[in-house]
Amino acid sequence: MRIDYDDLRKVLAALTAGEDDVVALMATVACEVHHRDDRFDWTGFYRVVAPELLKIGPYQGGHGCLVIPFARGVCGAAARTGAVQLVDDVEAFDGHIACASSTRSELVLPVWNMAGDLLGVFDIDSDQPAAFDADDAAALTAILAEVFAR
């Protein structure tokens with residue numbers, strides 16, 4: 001089953017209407033996204049908790065890394081650069097952190113609030129190589145903006 005981003009957008013808008021608690025929003029997004037696509041093996045957030053430091057937030061799937069510095073891994077790269085990281089083969093990504101040995105590809109998107117502050121990153125791992133594409137990145141970027149930048 002492949003994700004229907006238009007449907008996801010509508011469902012998340014309804015579920016998150018009026019909510020401003022960031023952790024509640026993250027938990028809802030992680031749950032809804034994770035269960036909508038067979039490619040998604042681990043889906044969750046890493047929150048900015050200190051300068052140059054991410055800690056695990058709400059997620060779905062097996063255990064994730066608890067702490068990730070901005071200087072390391074795909075999530076750190078997304079936080080450090082503010083750019084989407086679309087990685088077809090995590091083994092080819094210099095500095096990849098293997099939180100789960102099953103991960104083959106990864107999509108990590110920065111998450112911003114309305115003031116333009118980085119809240120964290122949204123990380124989706126797949127046990128399939130090259131599981132994500134630019135359409136996934138664009139759709140999820142737009143949905144994250146709708147949920148968090150209001």
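**Helix packing and sheet order**

Student: Which residues of α4 do Tyr 5, Leu 8, Arg 9, Leu 12 and Thr 16 in α1 meet?

Tutor: The model is a predicted one. In it, Tyr 5, Leu 8, Arg 9, Leu 12 and Thr 16 form the α1 side of the contact. The residues of this contact divide into eight nonpolar, one polar and three charged. On the α4 side, the residues met are Asp 136, Ala 139, Leu 140, Ala 142, Ile 143, Glu 146 and Val 147.

Student: How are α1 and α4 oriented to each other?

Tutor: Helix α1 covers residues 5-16 and helix α4 residues 134-148, and their axes lie 10 Å apart. The crossing of the two helices is right-handed. They pack at an angle of about 15 degrees. Angles under 35 degrees count as roughly parallel, and α1 and α4 are therefore roughly parallel.

Student: In what order do the six strands form the open sheet?

Tutor: β2 pairs with β1 over six bridges and with β3 over three bridges. β5 is joined to β6 by eight bridges. The pairing in the sheet is antiparallel, and the order is β3-β2-β1-β6-β5-β4.

Student: Which strands stand at the edges of the sheet?

Tutor: An edge strand here has a single partner strand, so one of its sides is left without a neighbour in the sheet. The strands that stand in this position are β3 and β4.

Student: Which residue takes a positive phi in the hairpin of β1 and β2?

Tutor: β1 spans residues 42-50 and β2 residues 53-60, with Ala 50 opposite Leu 53. Two residues lie between the strands, and the one with a positive phi, near 65 degrees, is Glu 52.

Student: Which residue in the turn between β2 and β3 has a positive phi?

Tutor: Leu 53 in β2 stands opposite Pro 69 in β3. This hairpin has six residues between its strands, and the residue with a positive phi of about 120 degrees is Gly 61.

Student: Which strands does α4 touch as it packs on the sheet?

Tutor: Another helix, α2 (residues 22-34), lies across β1, β2 and β6, running at about 160 degrees to β1. The direction of α4 makes about 30 degrees with that of β5. The strands touched by α4 are β1, β4, β5 and β6.

Student: Is Asp 88 buried, partly exposed or exposed?

Tutor: Asp 88 is found in the loop between β4 and β5. Leaving aside neighbours within four places in sequence, its contacts include Arg 104, Pro 129 and Phe 132. Its relative accessible area is 41%. Buried means under 20% and exposed over 50%, so Asp 88 is partly exposed.

How values were computed
Residues numbered from 1 in each chain as written. Predicted model: local features only at pLDDT ≥ 70, side-chain atom pairs only at ≥ 80, totals over all residues. Heavy atoms only, no water. Axes fitted to C-alpha atoms, helices over the stretch in contact; angles between N-to-C directions. Helix = DSSP H or I, 4+ residues; strand = E, 2+ residues; numbered from the N terminus. Parallel < 35°, antiparallel > 145°, perpendicular 65-115°, else oblique. Left-handed = near helix turned anticlockwise from the far one by under 90°. Contact = heavy atoms within 4.5 Å. Nonpolar A, V, L, I, M, F, W, Y, C, P; charged D, E, K, R; others polar. Pairing = 2+ DSSP bridges. Buried < 20%, exposed > 50% of the residue type's maximum accessible area, 1.4 Å probe, protein only.
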